[in-house]
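Notebook open, structure loaded. I want to look up how the helices and strands pack, one contact at a time.

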Amino acid sequence: MGKRLAVLVGCNYPSTQFRLQGCINDVVDMRNLLLEKFSFHASDVEVLIDEPVPPHSNFATLIATGANIKAALKRMVDQAGPGDVLVFYFSGHGTVISSLEPGKAYIEHEAIVPCDLNLITDMDLRQLIMRLPKETSFTIISDSCHSGGLIDKDKEIIGPSTVDRGMSSFYYKPKKINFGTILGVLQTVSNVAQAVPDVINTVSTVVQGASQVINSANSIFTGIFSRDVSLRFLPQPDLHMDLKRSLDEKEGILLSGCQENETSADVVGFDGKAYGAFTNALLCALLEENLSGIISNRQLVVAVRKALKTDGFQQHACLYSSEENADAIFLANQFSTPDLNPRPHPPFPMR
């Protein structure tokens, strides 16, 4: 059996106006899932978060900055070989970057938001996937808003075309930060020398609004984050042509918590424990499959959609992959009984 490698990231954005509550819990549960159900070794699972882990969770972590996340992903990809199984899991905010270049069509690009706001974009993830050796499996699981377009993959297996809109409304905190707000935060620290620590400290003081949004996102991001900036903000002529294409349908597997135009929920349960709605539905679906022992990516996302609908959430999990990968077993399941305790489905919506 090949290596099984994972990078798990959770951002709660403490002491900011973007505060979430369940993302660290999600990472702890996903780590337990991989170790106990899918035969990952603890030394091969790297965890990045922005708060201390909960009590009784004793493992090493790094701070979930953009630079640290990209470095962890690079370490994972550098180790990969044919037959290996790689996982990147993210729980936190997502955002959408609008492209308004003169003479070009309006385009939106999806990104995840690390704790220092140094965005990781669809282009960064595509670059990683393009570097993988053949016959390497790379699954991205994103519990964040707008995550349906995160690797800009053309092949939709389960997505907007399969939506059932018959759900009741649900109040929750969406995992989304408006891109204009991010620019406003970064503009206040664009003296550059202050850089990352001041970005985090300044987030809670920024007033949202169009007046805070500057015209040149590229210069703000490159000015503050320098060489650690996303490829999306580099001058386009500097990019290799391969990075401007969409992934082949066989390259990478994306399980997203919602569609490109939707938000994902951060919820507090009856017992006071916070969690991501998508992550909890994923855990429940996997545990409910213990009798059969295996479940395909397609079957898993269908089960997650059903669980989300049962709970009253207005988000639709999506699967982007080839048909072959859609019918492949999720993470090549080495089934055993994990010591997990996903929250039960609530009988009515809660925040």
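**Strand pairing and helix packing**

I started with strand E12 (residues 265–268), which pairs with E13 in the antiparallel sense over 3 bridges. One pair I looked up by residue: valine 268 has alanine 274 in E13 as its bridge partner. Note to self: this is a predicted model.

Next I asked what order the strands take in this sheet. It is an open sheet of 3 strands, ordered E10-E12-E13, with antiparallel pairing. I then checked the edges: they are strand E10 (173–174) and strand E13 (274–276), each pairing on one side only.

Then I looked for what sits on the sheet. Helix H7 lies across E12 and E13, and runs at about 80 degrees to E13.

**H7 against H8**

I pulled the axes for H7 (residues 277–288) and helix H8 (residues 297–310): they come within 9 Å and cross at roughly 120 degrees. Angles from 65 to 115 degrees would count as roughly perpendicular, so I have H7 down as oblique to H8. The crossing of H7 and H8 is right-handed.

Which residues of H7 meet H8? On the H7 side I listed Ala277, Phe278, Ala281, Leu282, Ala285 and Leu286, and on the H8 side Leu300, Ala303, Val304, Ala307 and Leu308. By type, the contact of H7 with H8 splits into 11 nonpolar residues, no polar and no charged. Reminder on the spacing: an α-helix has 3.6 residues a turn, so residues three or four places apart point the same way.

**H7 against H1**

I went on to helix H1 (residues 23–37), whose axis comes within 10 Å of that of H7, crossing at roughly 25 degrees. Under 35 degrees counts as roughly parallel, so that is how I logged H1 and H7. Their crossing is left-handed.

H1 brings Asp26, Asp29, Met30, Leu33 and Lys37 to the contact, and H7 brings Thr279, Leu282, Leu283 and Leu286. I tallied the contact of H1 with H7 as 5 nonpolar, 1 polar and 3 charged.

**H3**

Last lookup: why is helix H3 (residues 122–130) largely enclosed by the rest of the structure? Because 7 of its 9 residues are buried. I noted them as Asp122, Met123, Asp124, Leu125, Arg126, Leu128 and Ile129. For the cover over the buried residues of H3, I found that it includes helix H2 (66–79), strand E4 (85–91), strand E6 (107–112), strand E7 (120–121) and strand E8 (137–143).

Methods:
Residues are numbered from 1 along each chain as its sequence is written. This is a predicted model: local features need pLDDT of at least 70, side-chain atom pairs count only at pLDDT 80 or more; totals for chains, interfaces and linings use all residues. Side-chain values use heavy atoms; hydrogens and water are left out. Axes are lines fitted to C-alpha atoms, for helices over the stretch in contact, and angles run from 0 to 180 degrees between N-to-C directions. Helices (H or I, at least four residues) and strands (E, at least two) are DSSP runs, numbered from the N terminus. Angles under 35 degrees count as roughly parallel, over 145 as roughly antiparallel, 65 to 115 as roughly perpendicular and the rest as oblique. A crossing is left-handed if the near helix is turned anticlockwise from the far one by less than a right angle, and right-handed if clockwise. Contact means heavy atoms within 4.5 Å. Ala, Val, Leu, Ile, Met, Phe, Trp, Tyr, Cys and Pro count as nonpolar, Asp, Glu, Lys and Arg as charged, and the others, Gly among them, as polar. Two strands pair if DSSP finds at least two bridges between them. Buried means under 20% relative accessible area, exposed over 50%, partly exposed in between (1.4 Å probe, protein chains only).
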